[in-house]
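Here are my notes on this one, point by point. Have the model open while you read.

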Amino acid sequence: MNRASFEALLKESGSAKIVAVSKSVDFPAVAALASLGQLDFGENKVQELQRKIIGLGDDFRGLKWHFIGRLQSNKINALLALRPTLWHSCESVAAAAAVDKRLEYDLPALLQINSANEASKQGVDSERAVDDYCQILESSRHLKLVGVMSIGAHTDELSVIKASFETTYKIFEKLQSKGAKICSMGMSDDWQLALKCGSNMLRLGRMMWL
Ligand SMILES: *Cc1c(COP(=O)(O)O)cnc(C)c1O
């Protein structure tokens, strides 16, 4: 993405934060985007996150790394050692407890909601989301829930994707009284729709690297 298209994207996304998902690219692409001022990056695998942080080295210490993928229990310690800026994909009360138990610093996190109720997708059911969120808030010492995350319905039908974003946004609204501030939804194919539905954090992969 060149400077002009990056600036156009910033303008269109307004106050929503952009997380550039770098799982499909290597160091030079990350460095090029960072040189345009992009500081927030996301990865969905712990090992790749580790490789990127080490490989980019001291010159890129200022980058903020988001973890957005499924977290296997045998990778928890490795992830925590990397001190991610935000864990987007806390998928259950049990996953929250497993991470909290190992935490020795405060880690901001989002509860992932399976708002399209897809069997293949991780996250809590939308009907349980508010209760689960409150339970995690109450039982965690160092894990700090600060909002919700969702992946739009896996379909070409805009109305179905929109409904899944609206479901997530309604849950987010209910949780604002509990301190929820971040609603992470929208990827390369559906970010404009997500913005209209109230997203304030976009996770953009493919489109950032064109
Ligand atoms: C890969 C990924 C993205 C970015 O997807 P694109 O379609 O490439 O924009 C966003 N969120 C999650 C959880 C991902 O795994």
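1. Start with Cys197: why is its sulfur in no bond with that of Cys183? The two sulfurs are 9.1 Å apart, too far for a bond, and Cys183 is the closest cysteine by sulfur. A disulfide here is a pair of cysteine sulfur atoms within 2.5 Å. Cys197 also counts as buried, at 9% relative accessibility (buried is under 20% relative accessible area, exposed over 50%, partly exposed in between; 1.4 Å probe, protein chains only).

2. Before you go further: this is a predicted model, where local features need pLDDT of at least 70 and side-chain atom pairs count only at pLDDT 80 or more, while totals for chains, interfaces and linings use all residues. Residues are numbered from 1 along each chain as its sequence is written, and side-chain values use heavy atoms, with hydrogens and water left out.

3. The disulfide count for the structure is 0. Cys90 is in none, with the nearest cysteine sulfur, in Cys134, 13 Å away. Cys90 is buried too, at a relative accessible area of 0%.

4. On to helix 7, residues 158-175 (helices are DSSP runs of H or I, at least four residues; strands are E runs, at least two; both numbered from the N terminus). Its buried residues include Phe165, Thr168 and Phe172. Down the axis they fall within an arc of 120 degrees, so they line one face (the arc is taken from directions between the helix axis and the C-beta atoms). Facing away from that buried side are the exposed Leu158, Ser159, Lys170 and Lys174.
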